[in-house]
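Q: Could you take me closely through one part of this model, the packing around a single helix, and set that part against the protein as a whole?

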Amino acid sequence: MSLVRNTAVQASLTLVSRILGFGRDILLAAKIGAGPIGDAFFAALMFPNLFRRFFAEGAFAQAFVPTYARTLEADGPEAAAEVAAEAMRVLFAATAAIVIFAQIAMPWIMIAFNGAYLDQPDIFGLSVILTQITMPYLACMALAALYAGVLNSAGKFALSAGAPTLLNICLIGAALLGTDARNTAQYAAIAISVAGALQALLLAWGVRRQGVQLSLLAWPRVTPNVKKVIGLAIPGAIAASGMQINILISQVLAGFEEGARSWLQYADRLYQLPLGLVGVAVGVAILPRLSRSVRADDQTSSRRTLDDGIGLAMAFTLPAAIALLIIPTLLLEALFARGAFTLDDASQSSTALVHFAWGVPAFVLIKVLSPAFFAREDTRTPMRYSLISVAINTGFGATLFFWLKGQGLPGFPGLAIATSTAAWINVTMMLGTLHARDWYRPGRRLIDRLTRCALASATLSAVLLSARFDLAGILDWLPRTSLAQVLTIVATGGVAYAIAALLFGAIRPSELKALARRN
C-alpha cells in the first residue's frame, strides 16, 4: 500500500476516535468541570494516558516492528510468532507487577501527583481511589501494543487505529450514566479499565485472523530474543514518548495550582488532535517502508520516504497549528464551556493552548523522524535526545511555573512554553544527527513543498484573523450556537486552505488519487 493510503487509513480511523473523544470530553467537562473533583479525575487519567501513548500510539510498536519484521523475513512466520509470544509474556508480567505495586503504593505516589490537595483529604483520597481503579489499563495496553505491532508489520493498520474508539465509547457511556461530578468520575475510572481489556481482546482477535498464534499460557522467560526486543523497545519507547513524559511532568507541577491540571488537560485534547491524526499516522505508516529500504541498503528510497513523510505531515499540521494559535479561546469555549466548565475555565485553558500551538509542528516531526532511527535499530540515540528534552522541560518548566506564580500570575502557561521549547530542541538534535550520519538530508522537493505549505498557511491565517478581529460582523451571518459558529469558521478556513494548498502545490492531486488505490 502507498504511504498516503497507509497514512489515510491510520488517520481516518484515528479521526473517528478523536471525534468520539471530543464528544466524551464535552460530556465529562459538563459533568465534572475544572474544580477539585476534575483535578482528582485527571490525576487518575495521567497514568493511563501516558501508557496509552507510550504503548498504543506508536511508541512501543515503532520499536518492536523492525525486530519482528526482520525475524519474519529471515526466519519465517513461526520464528517471528515465537519472538512475539516470548516478548508478550515478559511484557505482560512486568506491567502486571507495576500495576500491583502502584495500586499498593498509590497513597504515597499521589503525594507527588496531586500535592495541592493534601489539606483536603476527601479530594486527595478520591484521586487515590480513581487511580487505583484505572491502573489495570496499563497491562492491557502492553498487550494491545504488541498485537498492534504484529498487525502493522503485516501492513494491517485498521484495527490498531480503530481500537482506541472503544475507550471513548466506554467513557461516553460512563458520562451519560453519571448523576453528579463524583459519581461520573467513578464510573469513568471503571470504564477506562474495561476499555483497556476490550482493546486487547479486539487486537488479539485481529492477530489470530492473520494466522499468528500468540499465547500467554506459559511462564515468562527472558530469552536471547526477548533481551534483544527489550534492548531495542525500551529505549525506543522512551524516545518516542518523550513528549508524553514532558506532559506528565507538566501535570505533576500543575498539581500545585488549583484548577491548572484541568485547564492543561483540555488544552491537551485540542493540540493532541494533529499529533494523533498526522504525526502518529505518518510515523506508523513510514516505519515498515523505511525498514525495507534500510535492509535493502537503498538510501535513495529511504530519503525519499522521509521527504514524503515530512512534507505530508507538515501539509496537514501547519493549518492545525495556525488555528490553535489564532482562535484558541473560540475553540475551547465552543467545545467545552457548558455545565460545570465555565467561560473563565475556557479562557484560562486557552492561555496554555496558545503556547502548545507553536510546538505542534515539533511534536509531529518527532513522530516522523523517530522511524529513521528505529528502522536502523538505533533506539538509543533518540532516547538520549528524548531524555535531554525531558530534563530541559523539567528545569525550564519548573523555573517558569514558580517564577510566574511569584509574580502573582498563573504559573501553568510556563509549563506549556517549556514543553514546546523542549520539543523543538529535540527536533533540532534529531535532524542534526541524521545529517551528520548521512542518513537523511532534506531534498529540494521537500524544501519546495514546505515553501508551498507556508504560502497556503498564510492564506488560512488571513481568513482566521479576519474571523477573530471582525467576529461581531461575521457572527450575524452564522447560527447562534457557539459550536455552530466555530465549526462554520473552521470549515471556511479549511476550505480556504485546501484550495490554496492545491493551487500552490502543497497537496498534490496525485496524493489524493492515491487514497483510492493501491500501488
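A: Two residues are taken to be in contact when heavy atoms of theirs lie within 4.5 Å. On that footing, among contacts in the protein between residues at least 6 apart in sequence, 85% join residues at least 24 apart. The model is a predicted one, and it has 22 helices and zero strands. Of the 519 residues in the protein, 58% are buried.

The part to look at closely is helix H9, which spans residues 181-209, together with two helices that pack on it, H5 and H6.

Helix H5, made of residues 121-134, packs with H9 at an angle of about 20°, the two axes being 8 Å apart. Because angles under 35 degrees count as roughly parallel, H5 is roughly parallel to H9. The crossing of these two helices is right-handed. From H5 the contact draws on Asp122, Ile123, Leu126, Leu130, Ile133 and Thr134, while H9 supplies Arg182, Ala185, Gln186, Ala189, Ile190, Ile192 and Ser193. Sorted by character, the residues of this contact comprise eight nonpolar, three polar and two charged.

Helix H6, residues 136-153, also packs on H9: their axes come within 8 Å and cross at roughly 20°. That angle is under the 35 degrees limit, so H6 too is roughly parallel to H9. Here, however, the crossing is left-handed. On the H6 side the contact is made by Pro136, Tyr137, Cys140, Met141, Leu143, Ala144, Tyr147, Val150 and Leu151, and on the H9 side by Ile192, Ser193, Gly196, Ala197, Gln199, Ala200, Leu203, Ala204, Gly206 and Val207. These residues divide into 15 nonpolar, four polar and no charged.

Read together, the two lists show Ile192 and Ser193 of H9 taking part in the contact with H5 and also in the contact with H6.

One residue of the H6 contact, Cys140, leads on to the cysteines. Cys140 has 15% relative accessibility and therefore counts as buried, since the cut-off for buried is under 20%. Cys453, at 0% relative accessibility, counts as buried as well. A disulfide is a covalent bond between the sulfur atoms of two cysteines. With a pair of cysteine sulfur atoms required to be within 2.5 Å, the count of disulfides in this model comes to zero.

Methods. Residues are numbered from 1 along each chain as its sequence is written. This is a predicted model: local features need pLDDT of at least 70, side-chain atom pairs count only at pLDDT 80 or more; totals for chains, interfaces and linings use all residues. Side-chain values use heavy atoms; hydrogens and water are left out. Axes are lines fitted to C-alpha atoms, for helices over the stretch in contact, and angles run from 0 to 180 degrees between N-to-C directions. Helices (H or I, at least four residues) and strands (E, at least two) are DSSP runs, numbered from the N terminus. Angles under 35 degrees count as roughly parallel, over 145 as roughly antiparallel, 65 to 115 as roughly perpendicular and the rest as oblique. A crossing is left-handed if the near helix is turned anticlockwise from the far one by less than a right angle, and right-handed if clockwise. Ala, Val, Leu, Ile, Met, Phe, Trp, Tyr, Cys and Pro count as nonpolar, Asp, Glu, Lys and Arg as charged, and the others, Gly among them, as polar. Buried means under 20% relative accessible area, exposed over 50%, partly exposed in between (1.4 Å probe, protein chains only).
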